[in-house]
Amino acid sequence: MTSELSKPRVLLFSQRNILGKYLFRCPHFEFENIISQVDSVEVLAPQADASRLRSKLVKRMAYHIPITLNPGIRKIRSDAHYEMFFAVCGYLSDLSTIDVAIDWNSCCKTSVCLIDELWAKEITQNRHFFRILKKFDLVVLYYSQTVRPLSERIGSKCIFLPPGVDALLFSPYPKPPRRSIDVYSIGRRSEITHRALLRMAAENELFYLHDSVAGETAIDSGQHRALFANAARRSRYFLVNPGLINEPDKTSKQIEIGNRYFEGAASGTIMIGERPNTEAFKMHFDWPDAVVHLDYDSSEIDRIINDLDSQPERQERIRRMNVVQSLLRHDWAYRWEAILRTIGLEPMQQLLCRKERLHNLARQISSEENGCHQAATKD
């Protein structure tokens, strides 16, 4: 598909027809959808069944041998030429799929690979994928502390870019719904905090929405994101923590900002959880009360909620600020613009129009806040 009638300048490789139901990857496809809306894009989305034995075997072997095996994807040859090739990888093992599908350097002037999860500790065990990764002109990483060690290993240009969010989808404005969910927890959680919230739900009629089934796939990634956003917009409090916080053996205590921070802020919830003590977090969540701190394994969630419940003006200020900052800084459009700027491409008119929508909504929210403040002052 293309985002306009003119010749596409971006060839976007998507794994939506291979791994499209995995929850972890739903934000990837959301990003790809926004890119297709704000740029001139052709999406290349081959099909394969990732659950088949052949696919699983190829993925497992790729960590141990320096050759690329085909998991069952037909080679694609393109006669067209593009300014840019772009691919999102959940893990470095995804590179095998991309490599067997297309020779992107033969049809694209420059190439960019975005990697979601790569801990510095895991770089060595992923060494067999470096041969493919080196083919890219730019490697973009969600994990800030992985940039330097990976760049030293592959000799390519690596940059940090935080995750983003569809800020318009998650925004509760311009018609904020009633926040009927007291606390929303999705994904990884502390059992100590969870038990404290269950007790509050039983004793105080708290509406605590949390995962109650185990699983890692969605029926439809787009519908999942829309439902998630819908629930988040209706939640008063939202639990957040750094990625894999309860697996220090895997992360070696490397602290990174997860998607939940961006989703919680964009939906205007009050985020409660760990505030990562990293430069990346301080840079991207630098406004007051962006996250109300709660240690990961803490049972004091009731004290924090009771304290915030007694401060309605502070609550409203936090909600509005979270949404405004997300609209101005954390939409996927800004992430795409940063990538374009790095490789020397100008943003297209569609991207500028989306930024204008984001800025206009942010101004509307801010003006409503000022109006309410002036009215309260007069009273």
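The exercises below, each with a worked solution, deal with a predicted model of a protein.

**Exercise 1. Overall content**

State how many helices and strands the protein has, and what share of its residues count as buried.

Solution.
- Step 1. The secondary structure consists of 16 helices and eleven strands.
- Step 2. The protein has 379 residues, and 54% of them count as buried.
- Step 3. Take the contacts between residues at least 6 apart in sequence: 76% of these join residues at least 24 apart.

**Exercise 2. The sheet of six strands**

Give the strand order of the open six-stranded sheet, and find which strands stand at its edges.

Solution.
- Step 1. The order is 2-1-3-4-5-6, and the pairing is parallel.
- Step 2. Strand 2 (41-44) and strand 6 (157-160) are the edge strands. Each has a single partner strand, so one side of each lacks a neighbour in the sheet.
- Step 3. On average, neighbouring strands of this sheet are turned by 20 degrees against each other, direction ignored.
- Step 4. Two helices can be placed against the sheet. Helix 2 (residues 26-38) lies across strands 1, 2, 3 and 4, and runs at about 160 degrees to strand 3. Helix 15 (residues 332-343) also packs on the sheet, where it touches strand 1, strand 3, strand 4, strand 5 (138-141) and strand 6. The direction of helix 15 makes about 130 degrees with that of strand 3.

**Exercise 3. Strand 3 and its partners**

Describe the burial of strand 3 (residues 82-89) and its pairing with strand 1 and strand 4.

Solution.
- Step 1. Strand 3 has eight residues, of which seven are buried, so the rest of the structure largely encloses this strand.
- Step 2. With strand 1 (residues 10-13), strand 3 pairs in the parallel sense over four bridges. Here F13 stands opposite A87 of strand 3.
- Step 3. With strand 4 (residues 108-115), strand 3 pairs in the parallel sense over seven bridges. V88 faces L114 of strand 4, and C89 stands opposite I115 of strand 4.
- Step 4. Now follow the chain from strand 3 to strand 4. The connection passes through helix 4 (residues 95-101), and this β-α-β crossover is right-handed.

**Exercise 4. The surroundings of V139**

Decide whether V139 is buried or exposed, and list the residues that V139 touches.

Solution.
- Step 1. V139 belongs to strand 5.
- Step 2. Buried means under 20% relative accessible area. The value for V139 is 0%, so V139 is buried.
- Step 3. Leaving out residues up to four places away in sequence, V139 touches C113, I115, L133, L150, I154, K157, C158 and I159.
- Step 4. For C113, compare sequence and space: V139 and C113 are 26 residues apart in sequence, while their C-alpha atoms are 5.0 Å apart.

**Exercise 5. The sheet of five strands**

Give the strand order of the open five-stranded sheet, and name the partner of F238 in strand 10.

Solution.
- Step 1. The order is 8-7-9-10-11, with parallel pairing.
- Step 2. Strand 8 (208-209) and strand 11 (292-293) lie at the edges. Each has a single partner strand, so one side of each has no neighbour in the sheet.
- Step 3. Strand 9 (residues 235-240) pairs with strand 10 (residues 270-273) in the parallel sense over four bridges. The bridge partner of F238 in strand 10 is M271.

**Exercise 6. Two contacts of helix 14**

Classify the crossing of helix 14 (residues 312-329) with helix 11 (residues 259-266) and with helix 13 (residues 301-309), and describe each contact by residue class.

Solution.
- Step 1. Two packed helices are described by the angle between their axes and the distance between the axes.
- Step 2. The axes of helix 11 and helix 14 come within 7 Å and cross at roughly 115 degrees. Angles of 65 to 115 degrees count as roughly perpendicular, and helix 11 and helix 14 are therefore roughly perpendicular.
- Step 3. In this contact F262, A265 and A266 of helix 11 meet N322, V323 and S326 of helix 14. By class there are four nonpolar, two polar and no charged residues.
- Step 4. The axes of helix 13 and helix 14 come within 7 Å and cross at roughly 100 degrees, which makes helix 13 roughly perpendicular to helix 14.
- Step 5. Here D307, L308 and D309 of helix 13 meet P312, R314, Q315 and I318 of helix 14. This contact has three nonpolar, one polar and three charged residues.

Conventions:
Residues are numbered from 1 along each chain as its sequence is written. This is a predicted model: local features need pLDDT of at least 70, side-chain atom pairs count only at pLDDT 80 or more; totals for chains, interfaces and linings use all residues. Side-chain values use heavy atoms; hydrogens and water are left out. Axes are lines fitted to C-alpha atoms, for helices over the stretch in contact, and angles run from 0 to 180 degrees between N-to-C directions. Angles under 35 degrees count as roughly parallel, over 145 as roughly antiparallel, 65 to 115 as roughly perpendicular and the rest as oblique. Contact means heavy atoms within 4.5 Å. Ala, Val, Leu, Ile, Met, Phe, Trp, Tyr, Cys and Pro count as nonpolar, Asp, Glu, Lys and Arg as charged, and the others, Gly among them, as polar. Buried means under 20% relative accessible area, exposed over 50%, partly exposed in between (1.4 Å probe, protein chains only). Two strands pair if DSSP finds at least two bridges between them. A crossover is right-handed if, with the strands pointing away from the viewer, the path from the first strand over the helix to the second runs clockwise.
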